[in-house]
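Here are some worked exercises for you to try with the structure open in your viewer. Have a go at each task before you read its solution.

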Amino acid sequence: MSSSPAQLLPDRLPILTLHNIVIFPLLAVTITARRHEDIELLLDCQKKNEFVAIANQRRAGAFPLTYDNIHPVGTACRVSQAKLNDNSQLEAVLEGVCRISFLRLLNAGKQPQALIAGYQESAQQHSDSTTQMLMESSLSLLKACCAAGQPLPESATSLLDRISNPGHLADLIIIYLQPDFTIQQQALSLLNPKDRLKLVHQLLYENQKRLNKGEAPSLPETGRWPRQAGSHSNLRNENESEELTELKKKISDLELNDQLHKTITKELDRLERMNPTSPDYHNILHYIEYVSELPWQDENQENLDLKKAEKILDEDHYGLDKIKERILEHLAVRQLNKDMKGPIICLVGPPGVGKTSLGKSIARAMGREFIRLSLGGVHDEAEIRGHRRTYLGAMPGKIIQEIKRAASRNPVFMLDEIDKLGRDFRGDPASALLEVMDPEQNNSFVDHYLNLPFDLSRVLFIATANQSDPIPAALLDRMEIITLPGYSEEEKKSIACRYLLDRQRENHGLKEDKIVFTDEALDSIIDNYTRESGVRNLEKMIGKIMRKCARDKVAGKPLPKSITSRDLGELLGPTRHHKELAAAKSRIGIVTGLAWTPTGGDILFIEAALMESVKGDNLTLTGSLGDVMKESAQTALSYLRSLSPGYEIEGDFFEKHLIHIHIPSGSIPKDGPSAGLAIFLTLLSLASGRIADHKIAITGEISLSGRVLPVGGIKEKVLAARRAGITRIILPRENLKNLDDLPLAARDEMNFFGIDTIDDAVPLVIPSLTSAIKEGITQKSHAQQNVTFSVPTSAN
């Protein structure tokens with residue numbers, strides 16, 4: 001069984017005398033020793049790890065020391081730290097171990113010693129019911145008094161609730177109450193814990209009576225925990241003083257408004273009065289240091305030269321005209337109004353189109369710092385707003401952290417993957433972003449850790465997302481959405497030639513080797529080895545080829561001067577994707593549709609077959625179709641059944657037959673309403689027995705009244721049809737405006753037919769079907785020849 005500190009004490013100890021400074025057991029106090037004898041004693045005790053007896057003199061400075069001039073009860077202490085300062089004084093930290101009684105002095109020389117008796121108490125010694133009641137009542141009175149004055153720190157409340165030793169509880173409450181020296185020495189002299197607890201209870205009861213009379217309780221003004229009364233003037237070493245002086249200068253140099261300056265100065269004053277050994281000291285010190293290092297007024301000098309900015313944007317990225325134009329507009333407005341708030345832009349587009357790298361380019365063009373914060377998988381609101389300082393390990397949120405790291409209050413701040421924010425029991429980060437992303441509110445953004453308003457209105461926020469649907473409506477409403485569509489084959493090839501090839505040559509140490517790719521090789525890589533809207537996988541394939549060339553160079557093998565399509569099989573292996581081509585010939589019950597996918601566009605072959613009817617549903621759908629697509633098929637069938645006589649379809653045709661619709665590839669999920677028109681024409685071809693033209697692609701949502709409604713992804717769908725060799729496309733009339741996003745070459749090569757109703761599409765896809773709902777529909781179909789058209793010159 002281990003011995004207590006009191007049992008380890010020798011029967012005699014050297015004495016160090018203080019005046020009006022009481023050191024309680026379990027408390028660490030820093031003192032300043034000036035006498036040469038005291039300095040030697042403290043250094044010797046620290047070196048030998050020996051105890052020193054602390055006694056309080058009745059009359060300060062009375063020498064030689066006599067027994068009558070010291071209080072009979074003191075404290076045995078260890079010297080945990082000791083350091084000489086520039087004034088030849090010793091700063092020493094004394095840690096109280098236990099109470100001691102002075103039996104008699106052994107000599108009265110320069111360094112007297114005393115015969116002592118140590119006293120160690122335990123919780124079991126005085127655990128009777130009366131003591132327990134005193135402990136509970138004292139705690140209750142302390143909390144009541146503190147609630148009316150300075151609240152106890154959370155750490156202190158937790159510590160007090162855990163203490164089971166009545167003597168320790170009494171000592172800690174005395175330390176907090178900070179009565180005058182006489183009462184402190186009286187508490188130290190009471191060796192019976194119950195007696196000390198009674199003294200504490202009496203002090204608290206007197207405070208409670210003052211409170212009941214409407215008077216303020218007698219509590220310390222700062223509410224520090226713990227703190228030794230009368231010793232704070234000696235508690236700070238030289239380094240700490242220099243640190244506080246430097247902090248004061250930093251705070252005074254900050255150009256803050258009166259309210260901010262007052263709040264920070266108040267914290268600094270609190271720190272100055274605090275015991276450096278207090279647990280809260282370093283927390284407050286870190287807080288003030290953090291605040292002083294924030295860029296309250298510091299910002300980058302902006303580049304407002306439009307020509308220079310445009311040149312930088314064009315150097316870094318091919319195309320992306322909309323976002324480039326928006327940035328140049330912002331710079332133009334900044335020239336006219338330098339106080340303009342930063343816009344909140346959201347770039348929406350598929351992976352690999354350059355959203356993140358565009359943010360870096362914008363920062364370079366504007367001459368600002370660039371910050372990127374990935375929001376993918378963020379679930380905790382505190383990641384955005386920070387933790388309150390009452391929590392252990394509290395820190396600011398990522399917004400303030402990154403602003404501090406950038407050392408500028410006007411950076412380009414990219415919030416990457418904002419559509420992938422999470423939400424759980426820890427809070428909703430999207431809701432926390434509402435204040436950040438609102439130009440009307442973010443000029444006074446309050447982080448929980450700082451608890452001070454910080455101006456984010458000069459920050460240019462750029463969010464990125466693959467899709468806008470998952471973004472909460474309230475957040476989406478605060479952002480300016482700019483859609484970045486996928487690249488065409490020509491655009492991908494241009495990007496590869498202008499940027500990717502040179503970058504990969506340099507990355508793989510082949511800058512001096514002029515390895516070129518033929519047009520056929522690049523076309524083959526784009527069509528057969530990648531399937532994407534962007535160019536990320538294209539760059540990976542080019543990098544794979546460069547790695548093989550680098551290995552050959554190191555091995556001393558000759559490098560090829562050019563990479564041709566014939567070399568790709570050896571360099572990249574078998575092709576990974578099959579390029580979907582238009583059907584070889586027209587057939588009954590097969591129509592070519594168009595689909596949008598996260599990696600671009602694709603063509604769909606919508607197939608239908610007839611079987612004898614069985615009891616139950618007369619429509620079967622396969623091909624991993626989603627609910628919306630299934631509903632579109634049901635709508636197409638219902639509309640066709642309502643008009644079957646006009647299309648020369650027998651009245652009982654649908655009762656006699658089961659129709660099976662299948663859309664390859666079966667393993668790929670498909671959904672959305674845009675295949676509705678193509679499904680209708682497939683059913684019409686099947687039911688009428690007429691061939692559908694395989695050289696025309698179709699997209700459009702339909703309604704039960706026969707209208708054709710607009711759909712999305714027009715650019716990707718048109719480019720997919722072009723890759724498949726299809727040059728004629730039927731689309732809703734309202735989508736003709738979206739053709740402006742197409743490359744000029746694609747618009748010149750292809751014919752587009754804008755339609756308003758389902759019946760307008762019938763003569764274009766099934767020319768042999770000349771009768772549609774008697775003469776009325778037939779006349780309408782003939783009239784349609786004047787309204788279906790190739791894209792007018794203005795669209796080009």
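**Exercise 1: a helix crossing**

Find the handedness of the crossing in which H24 passes H27, then classify the packing angle and list the contact residues.

*Solution.* Start with the handedness: H24 passes H27 in a right-handed crossing. In this predicted model, helix H24 covers residues 676-688 and helix H27 covers residues 758-765. Next comes the geometry: the two helices pack at an angle of about 55 degrees, and their axes are 11 Å apart. Angles under 35 degrees would count as roughly parallel and those from 65 to 115 as roughly perpendicular, so H24 is oblique to H27. Finally, the contact itself is built from Leu677, Phe680, Leu681 and Leu684 on H24, and from Ile758, Ala761, Val762 and Val765 on H27.

**Exercise 2: the whole chain**

Work out how many helices and strands the protein has, what share of its residues is buried, and what share of contacts with a separation of 6 or more comes from residues 24 or more positions apart.

*Solution.* Begin with the elements: there are 28 helices and 26 strands. Then turn to burial: of the 796 residues in the protein, 51% are buried. For the last step, take the contacts with a separation of 6 or more; residues 24 or more positions apart supply 76% of them.

**Exercise 3: the nonpolar cores**

Identify the residues that touch the most other members of the largest nonpolar core, and the helix that gives the most to this core.

*Solution.* The largest nonpolar core has 53 residues, and Leu415, Ile418, Leu433 and Met437 are the ones touching the most other members. The helix that contributes the most to this core is H10 (residues 279-292), with 7 residues. Now zoom in on one of the well-connected members: setting aside residues up to four places away in sequence, Leu433 touches Leu375, Ile384, Leu415, Ile418, Leu421 and Leu475. A second core, separate from this one, has 47 residues, including Leu347, Leu484, Ile526 and Ile545.

**Exercise 4: a covered helix**

Decide how many residues of H16 are buried, and what the buried ones pack against.

*Solution.* Helix H16 spans residues 429-436, and 6 of its 8 residues are buried, which leaves the helix mostly covered. The buried set is Pro429, Ala430, Ala432, Leu433, Glu435 and Val436. As for the packing partners, three are helices, namely H14 (382-385), H15 (398-406) and H17 (473-476), and the others are strands E9 (412-416), E10 (445-446) and E12 (460-465).

**Exercise 5: an open sheet**

Give the strand order of the open sheet of 5 strands, and explain why one side of E8 and of E13 is left without a neighbour.

*Solution.* The order is E8-E9-E12-E7-E13, and the pairing is parallel. Strands E8 (370-374) and E13 (480-483) are at the edges with a single partner strand each, so each has one side without a neighbour in the sheet. From one strand to the next, the twist averages 20 degrees. Looking at one pair, E8 and E9 run parallel and are joined by 5 bridges. Within that pair, Ile371 is opposite Phe413 in E9.

**Exercise 6: two positive phi values**

Locate Asn20 and Ser624, and state the phi of each.

*Solution.* Most residues other than glycine have a negative phi. Asn20 has a positive phi, near 60 degrees, and sits in the loop between strand E1 (12-18) and strand E2 (28-33). Ser624 also has a positive phi near 60 degrees, in the loop between strand E19 (619-622) and helix H22 (627-642). For exposure, use the band from 20% to 50%: Asn20 has a relative accessible area of 35%, so Asn20 is partly exposed. Ser624 is partly exposed too, at 35%.

**Exercise 7: buried or partly exposed?**

Classify Asn528 and Ala496, then list their contacts beyond four places in sequence.

*Solution.* Asn528 belongs to helix H19 (residues 519-529). The relative accessibility of Asn528 is 21%, so this residue counts as partly exposed. Its contacts are Thr575, Arg576 and His577; the C-alpha atoms of Asn528 and Thr575 are 5.3 Å apart, across 47 residues in sequence. Ala496, in helix H18 (residues 489-507), has a relative accessible area of 0%, so Ala496 is buried. Ala496 is in contact with Leu501, Leu522, Leu538 and Ile542.

Definitions and conventions:
Residues are numbered from 1 along each chain as its sequence is written. This is a predicted model: local features need pLDDT of at least 70, side-chain atom pairs count only at pLDDT 80 or more; totals for chains, interfaces and linings use all residues. Side-chain values use heavy atoms; hydrogens and water are left out. A nonpolar core is a set of buried Ala, Val, Leu, Ile, Met, Phe, Trp, Tyr and Cys residues joined through side-chain atoms within 4.5 Å. Buried means under 20% relative accessible area, exposed over 50%, partly exposed in between (1.4 Å probe, protein chains only). Helices (H or I, at least four residues) and strands (E, at least two) are DSSP runs, numbered from the N terminus. Contact means heavy atoms within 4.5 Å. Two strands pair if DSSP finds at least two bridges between them. Axes are lines fitted to C-alpha atoms, for helices over the stretch in contact, and angles run from 0 to 180 degrees between N-to-C directions. Angles under 35 degrees count as roughly parallel, over 145 as roughly antiparallel, 65 to 115 as roughly perpendicular and the rest as oblique. A crossing is left-handed if the near helix is turned anticlockwise from the far one by less than a right angle, and right-handed if clockwise.
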